[in-house]
Structure formats: C-alpha cells, structure tokens
Amino acid sequence: MADIVNQETRSRMMAGIRGKDTKPEMVLRKALHARGLRYRLHARHLPGRPDLVLARYRAVIFVHGCFWHRHEGCRYATTPATRPDFWRRKFAANVKRDRDMRQVLVSGGWRVATVWECALRKPDLVPVAIESIISWLSSEETLFELGATHD
C-alpha cells in the first residue's frame, strides 16, 4: 500500500513524535507526584536517560510506547505495511537498546521498571498502575514491568 502523503510530509510528521513529556509519561508523573513521590526527569548521567529517577529508592522508570518499543502481545504494537524490512530493523534496534540499557542499569545497582503506554491509557487503570509501582518500590525486586491486559 502506498503512503497517502509525500516523503517530505511523512518525515515532518515522524519528526514531530516526542521522545519525552509524552501523554503517558505526564499521566504517570502527575499520579506519582500526587502520591508524594518525588523524582528527577530524564537523567543524562544514567544510561538510557530514564524517564523518571527515584534516587531515594535507587530506582528508575521507563515509560515505553507500545508501538516504538514493541510491547509483546499488545494490540498497539502494530507494524506498518509500508517498508516492513525498515520497520523490523528499527524495532529490533529499539528492543536491543532497551534490553542493553536495562542490563547496564541493573549492573550499576539500579532497580528498573518499565511501564507500558497501554497500562496508562484508560483513566481507571492509572490508580492500579500507581499502586503496583508503589508496591514494587517498597519491595526488594530489581526489575518490574507493567502493561495492561488486552481483550
């Protein structure tokens, strides 16, 4: 299937996709702050520049988009029909980078959480997500992953 816009327009559209301060990230930040948790944003000194750094717990949180970071089994992790080889390579590189950064952080003594976009999409899911994160922070678990279950 051919693209419905020209290459220049598509390039401009793709460049407009934000990497930080996304809607799911803002929802999570607001809810955590309301619960009294304080954090730093996009710490440049840490591998992978985590979205949230909770130094008090020596924990970081990545808020991943299901599409870009390939949330396995998620209905939002679709693959575009045009240029499938390009997209497969791009997605594979994203997943590898995420895995490598998680490993480097854990090796450095950090606890790492991945919160998927789908876990924050519906307002009624947010309180459940926040409770899960708070529970993880008070546990001894090193890794944590939170995504919504889909019908």
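Helices and strands here are DSSP runs, numbered from the N terminus. The model is predicted.

Start with the sheet. Five strands form an open sheet in the order β1-β2-β3-β4-β5, with mixed pairing. β1 and β5 stand at its edges. Each of these two has a single partner strand, so one side of each has no neighbour in the sheet. Helix α4 packs on this sheet and touches β3, β4 and β5. The direction of α4 makes about 150 degrees with that of β4. Helix α5 lies across β2, β3, β4 and β5. It runs at about 175 degrees to β5.

Now look at β4. It covers residues 111-116. How many of its six residues are buried? Six of the six are, so β4 is largely enclosed by the rest of the structure. In a regular strand the side chains alternate between the two faces of the sheet. Follow that pattern along β4. R111, A113 and V115 point one way, while V112, T114 and W116 point the other way. All of them are buried.

Which strands pair with β4? Strand β3, residues 59-64, is joined to β4 by six bridges, and the two run parallel. One such link pairs A59 with R111. Strand β5, residues 143-146, is joined to β4 by four bridges, and these two also run parallel. Here T114 in β4 has E145 as its bridge partner in β5. Helix α5, residues 126-137, completes a unit with these two strands. β4, α5 and β5 make a left-handed β-α-β unit.

Next, find H64 in strand β3. Is H64 buried or exposed? With a relative accessible area of 6%, H64 is buried, because the limit for buried is under 20%. Which residues does H64 touch, leaving aside its neighbours within four places in sequence? They are H69, D98, T114, V115, W116 and E117. Of these, T114, V115 and W116 belong to β4 and are buried. D98 lies in α4 and is buried too.

That contact leads to helix α4, residues 84-107. α4 has 24 residues. From its first C-alpha to its last it reaches 34 Å, close to the 34 Å expected at 1.5 Å a residue. An α-helix has 3.6 residues a turn, so residues three or four places apart point the same way. In α4, the residues W87, F91, N94, D98 and L105 are buried.

What follows the helix? G108 sits in the loop between α4 and β4. At 41% relative accessibility, G108 is partly exposed. The C-alpha atoms of G108 and L46 are 62 residues apart along the chain, yet 9.6 Å separates them. Just after α4, G109 takes a positive phi of about 90 degrees.

Other positive phi values turn up in another loop. Most residues other than glycine have a negative phi, and most peptide bonds are trans. H42 is not a glycine, but it has a positive phi of about 45 degrees. H42 is found in the loop between β1, residues 40-41, and β2, residues 52-54. R49 is not a glycine either, and its phi is also positive, at about 45 degrees. R49 is likewise placed in the loop between β1 and β2. How buried or exposed are they? H42 is buried, with a relative accessible area of 10%. R49 is partly exposed, at 35%.

Last, consider the cysteines. A disulfide is a covalent bond between the sulfur atoms of two cysteines. How many disulfides does the model have? The count comes to zero. The cut-off explains why: the two sulfur atoms must lie within 2.5 Å. For C74, the closest cysteine sulfur is in C66, 3.6 Å away, which is too far for a bond. C118 is in no disulfide either. Its nearest cysteine sulfur is again that of C66, at 3.7 Å. C74 counts as buried, at 8% relative accessibility. C118 is buried as well, with a relative accessible area of 3%.

Key
Residues numbered from 1 in each chain as written. Predicted model: local features only at pLDDT ≥ 70, side-chain atom pairs only at ≥ 80, totals over all residues. Heavy atoms only, no water. Buried < 20%, exposed > 50% of the residue type's maximum accessible area, 1.4 Å probe, protein only. Pairing = 2+ DSSP bridges. Right-handed = clockwise from strand over helix to strand, strands pointing away. Contact = heavy atoms within 4.5 Å. Expected span 1.5 Å × (residues − 1). Axes fitted to C-alpha atoms, helices over the stretch in contact; angles between N-to-C directions.
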